[in-house]
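Here is my note on the model you sent round, set out as numbered points so that each can be checked against the coordinates.

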Amino acid sequence: MKKVWLDAGHGGKDPGATGHGLQEKDIALALSLAIKDKLENEYEGVQVILSRSADVFLELKERTNKANAAGADILVSIHCNAGGGAGGFESFRHTSASIAAAELQHALHTEIMSALKPYGVNDRGQKSANLHMCRESRMPAVLTENLFIDVKNDADRLMKADIIKAIVNGHAAGIAKYLGLQKKSVPAPNQNAIVKVIVNGKLIENVKQIDQVTYVPLRALCEALGAKLSWDNDAKMATVSGVSVSSDR
Ligand SMILES: [Zn+2]
């Protein structure tokens, strides 16, 4: 079982970046809850633990202490950016990150950007910085900055469900790729298998099999059996008679 630690930035008294009616803490929380759902519902052998699953304040130290104590395999800290300019997406590893952390960043960054490209989001690149969440985590840790709250075009994007979904899908795909998670097998839809039914040497036409049950047109079946079929159209009832039943009990 792989343990993923998802850290929704900010919370409670700390809203993070704000602008255009949005608060970073709310978006970070919504993203982490949805990424957890997607990973656990769609992939085998993964447990996602959240720094917070509600609008509460946590010190940075509490977040990394808990992730370290839980023995998480990776940590992803989810934020939104601010600072004006053209906006966009960027990701951070620590300035002296391990090769593993750089690989996690690369997997996340490329999957998230490929999900966001159709929406014209700027790629601000894979960066490194001396951030607490990346420095104090004992496991490979990456921080994602998911668009700029204070840039109008990005704020508009963050209000759209399909863009939020793209960010969620990108995170899940990147994490799954890095950890080598397998997708859960989806049961095949009710397949109408092609089956043949032969009665007294006669091939019956238009036979269907649905959910392992074989359906045979009744009139054709009766003809092949030499049975009498009477149909009461008012009662919508068919009566079959004249079939000899052997009593070999
Ligand atoms: Zn932040």
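The points below begin with the sheet and then turn to the helices, the core and a hairpin.

1. The model is predicted, and what follows should be read with that in mind. Its open sheet has six strands in the order 4-1-5-8-6-7, and the pairing within this sheet is mixed. Strand 4 (46-50) and strand 7 (123-128) stand at the edges with a single partner strand each, so one side of each has no neighbour in the sheet. On average, neighbouring strands of this sheet are turned by 20 degrees against each other, direction ignored.

2. Within the sheet, strand 6 (residues 89-93) and strand 8 (residues 141-148) run antiparallel and are joined by four bridges. If you wish to check the register, Glu90 stands opposite Glu145 in strand 8.

3. Two helices can be placed against these strands. Helix 2 (residues 60-70) packs on the sheet, where it touches strand 1 (2-8), strand 4 and strand 5 (74-81), and its direction makes about 175 degrees with that of strand 1. Helix 3, for its part, lies across strand 5, strand 6, strand 7 and strand 8, and runs at about 170 degrees to strand 6.

4. Helix 3 (residues 99-116) also packs with helix 6, at an angle of about 145 degrees and with the axes 8 Å apart. The residues that make this contact include Ala107, Leu108, Glu111 and Ile112 of helix 3 and, from helix 6, Gly170, Ala173, Gly174 and Ile175. Helix 3 passes helix 6 in a right-handed crossing.

5. Gly174 deserves a closer look in this interface, and its place is in helix 6 (residues 161-179). Is Gly174 buried or exposed? Gly174 has 27 other C-beta atoms within 10 Å, and because the cut-off for a buried residue is 20 or more, Gly174 counts as buried. Leaving aside residues up to four places away in sequence, Gly174 touches Ala107, Leu108, Glu111 and Ile112. Gly174 and Leu108 are 66 residues apart in sequence, yet their C-alpha atoms are 4.1 Å apart in space.

6. Helix 6 has a further helix partner in helix 1 (residues 24-42), and the axes of the two come within 9 Å and cross at roughly 50 degrees. That angle makes helix 1 oblique to helix 6. Helix 1 passes helix 6 in a right-handed crossing. Among the residues that meet here are Ala34, Ile35, Lys38 and Leu39 in helix 1, and Val168, His171, Ala172 and Ile175 in helix 6.

7. The largest nonpolar core has 52 residues, and those with the most contacts inside it are Val4, Ile74, Leu75, Val142 and Ile175. Helix 6 gives the most to this core, with nine residues. Val4 can serve as an entry point for inspection: not counting residues up to four places away in sequence, Val4 touches Leu39, Val46, Val48, Ala72, Asp73, Ile74 and Ile175.

8. A hairpin remains to be described. Strand 13 (residues 228-232) and strand 14 (residues 237-241) pair in the antiparallel sense over five bridges, and the bridge partner of Ser230 is Thr239 in strand 14. Four residues lie between the strands of this hairpin, in which Lys236 takes a positive phi near 50 degrees. How many of the five residues of strand 13 are buried? The count is zero, and strand 13 is accordingly described as hardly covered.

Key
Residues are numbered from 1 along each chain as its sequence is written. This is a predicted model: local features need pLDDT of at least 70, side-chain atom pairs count only at pLDDT 80 or more; totals for chains, interfaces and linings use all residues. A residue is buried if 20 or more other C-beta atoms lie within 10 Å of its own, exposed if 12 or fewer, and partly exposed in between; C-beta atoms are placed from the backbone. Two residues are in contact if their C-beta atoms, placed from the backbone, lie within 7 Å. A nonpolar core is a set of buried Ala, Val, Leu, Ile, Met, Phe, Trp, Tyr and Cys residues joined through C-beta atoms within 7 Å. Two strands pair if DSSP finds at least two bridges between them. Axes are lines fitted to C-alpha atoms, for helices over the stretch in contact, and angles run from 0 to 180 degrees between N-to-C directions. Angles under 35 degrees count as roughly parallel, over 145 as roughly antiparallel, 65 to 115 as roughly perpendicular and the rest as oblique. A crossing is left-handed if the near helix is turned anticlockwise from the far one by less than a right angle, and right-handed if clockwise.
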